[in-house]
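Please open the model in your viewer and set the side chains to be displayed. The tour below proceeds by selection, one pair of residues at a time.

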Amino acid sequence: MSGEAWQESDQIRPATVHRAYGRGAAGFDAFVATLPGYRTHLRVSASRMGLGDGHGLRLLDVGCGTGVSTEALLTSVGGAEVVAVDASAEMLAVARKKNWSPRVTFVHSRLETLAEAGIEGPFDGILASFLVSNLPDAEHGLRRLLSLLAPGAPLAVHDYAVGGRSRMRWTTANWTWMLPMASLRWGAADLARYRARRIATAGGPEQMVHRMERAGFDDVRVQTVGGVQQHLVHTFLGRRPDEPDVVGERQERRARRSAIAAAGWRPLRDEPAPAPEDTTGPVDEGGPEDPGYAETLPEQVLEDDGVEVGEGDADGAADPAPSGAADDPAPTEDDDPDTRPRGHAVARALRYGLPDPRPEPPAPAPQAPAPRNPSPVAPHPTPAPPDPTTALPRPDLPAPSPRAPAPGARPRPRRPVGLRRPGPRGRARDAPPPAGDDEPPTPPTGTRRV
């Protein structure tokens with residue numbers, strides 16, 4: 001990247017990033033339409049909160065943008081009252097132009113000034129999509145979200161988190177797809193470069209999990225999404241404890257005790273306890289099929305918004321054979337379950353790592369075991385006995401010499417098959433070429449020199 005491009009990216013700050021989003025508000029929807037599974041992943045994160053039937057619930061969509069996350073929240077938790085908040089007035093202007101339910105209210109405010117805008121808790125659930133990674137202080141913003149939740153209510157943070165091996169995938173995805181699409185569709189290449197660098201340096205999923213624990217959230221979990229965004233986009237879940245917890249002191253003490261017990265030693269009285277940043281470690285990351293707090297993921301949230309499916313029904317099963325067809329036709333390439341056209345459910349299962357809905361192929365019929373042959377050589381068929389009427393001696397042919405050994409002579413040992421007799425390899429140089437008639441060639445004469 002050139003120095004001019006880096007200077008352009010450095011002009012964006014966490015405190016002014018909403019202005020950069022406002023400059024590209026007109027092309028934001030066209031840009032996210034090029035990201036595979038963007039809308040589906042938002043619906044999955046909203047469903048993982050486990051709110052079920054949303055009638056009577058009051059939800060908060062913080063960082064709603066143009067309303068893509070608000071639509072996902074309404075689809076996953078139907079019947080709920082949603083308050084959608086964003087710091088960019090231009091993004092909210094694009095969102096308000098869409099057709100919305102009367103239960104949705106859009107508010108222009110930043111997270112730090114929600115009380116001044118008249119937004120107060122408690123909320124029965126909060127969805128923060130791609131917000132925490134844009135905050136100047138992520139842990140301080142998580143504490144604000146915790147104060148807006150009702151006791152036991154969940155928070156779903158839908159955001160990027162890359163670390164370890166996924167860092168290289170994140171860099172490759174940005175340079176090969178996201179940055180070019182941001183220039184063509186979004187018109188905010190400087191914001192895309194800023195986001196790519198900030199996410200690459202923000203830490204992996206384990207850092208976000210420990211930030212939520214230090215902020216005071218309980219039962220913190222992390223699940224990734226499916227498709228090409230796997231291990232790049234995650235759903236971070238946390239609940240507000242039933243008991244009041246001031247700035248996460250209880251979770252901080254619990255994290256310290258766990259780290260000390262795992263290390264197998266206890267600090268001395270005059271030694272300070274290890275800092276919370278030193279206790280970060282790998283976390284158990286759930287897969288794309290993990291429903292989070294919910295029992296199962298609803299079927300409507302898994303409906304893909306950009307998968308190219310083949311011809312076939314929803315179950316992915318083959319059409320029944322027409323009348324008059326053979327009962328057991330010969331298998332062809334089209335009958336292979338991995339090559340035949342896939343239906344909508346099959347394409348969705350392969351994309352998001354769900355179980356394959358196609359029926360299992362029938363098990364082959366058991367065959368009778370073949371008779372064992374103790375000899376490695378195939379047995380020769382037993383010749384039929386000669387007919388005495390046809391096996392008569394011919395006077396024009398010489399009588400066959402008897403092969404039976406003479407009385408009292410030792411039987412001649414049979415040479416094993418596959419072994420050569422000792423002697424010179426190949427044909428002797430003095431031996432004449434084989435004659436064209438049926439008589440064998442005359443062997444060479446002379447004494448062999450040893």
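Begin by selecting lysine 98, which is partly exposed because its relative accessibility of 29% falls between the cut-offs for buried and exposed. The model in view is a predicted one. Lysine 98 sits in the loop between helix 6 (89-96) and strand 3 (104-108).

Next, add aspartate 29, located in helix 3 (residues 28-32). The two residues form a salt bridge, with their closest N and O atoms 3.1 Å apart. This pair links distant parts of the chain, its members being 69 residues apart. Aspartate 29 has a relative accessible area of 19% and is therefore buried, as that value is under 20%.

Which residue should be selected together with arginine 110 to show a salt bridge? The partner is glutamate 112, and the N to O distance is 3.7 Å. Glutamate 112 is partly exposed at 33% relative accessibility, and arginine 110 is likewise partly exposed, at 32%.

Now turn to arginine 214 in helix 10 (residues 205-215) and glutamate 139 in helix 7 (residues 138-148). Their side chains meet in a salt bridge of 3.3 Å, N to O. The pair lies in two helices, and so ties together parts that are 75 residues apart in sequence. Arginine 214 is buried, with a relative accessible area of 12%; glutamate 139 is buried as well, at 16%.

Keep these two selected and add Arg143: salt bridges with shared partners join Glu139, Arg143 and Arg214 into one network.

Finally, display the whole structure, which holds seven salt bridges, including the lysine 98 and aspartate 29 pair with which the tour began.

Notes: Residues numbered from 1 in each chain as written. Predicted model: local features only at pLDDT ≥ 70, side-chain atom pairs only at ≥ 80, totals over all residues. Heavy atoms only, no water. Salt bridge = Lys/Arg side-chain N within 4 Å of Asp/Glu carboxyl O. Helix = DSSP H or I, 4+ residues; strand = E, 2+ residues; numbered from the N terminus. Buried < 20%, exposed > 50% of the residue type's maximum accessible area, 1.4 Å probe, protein only.
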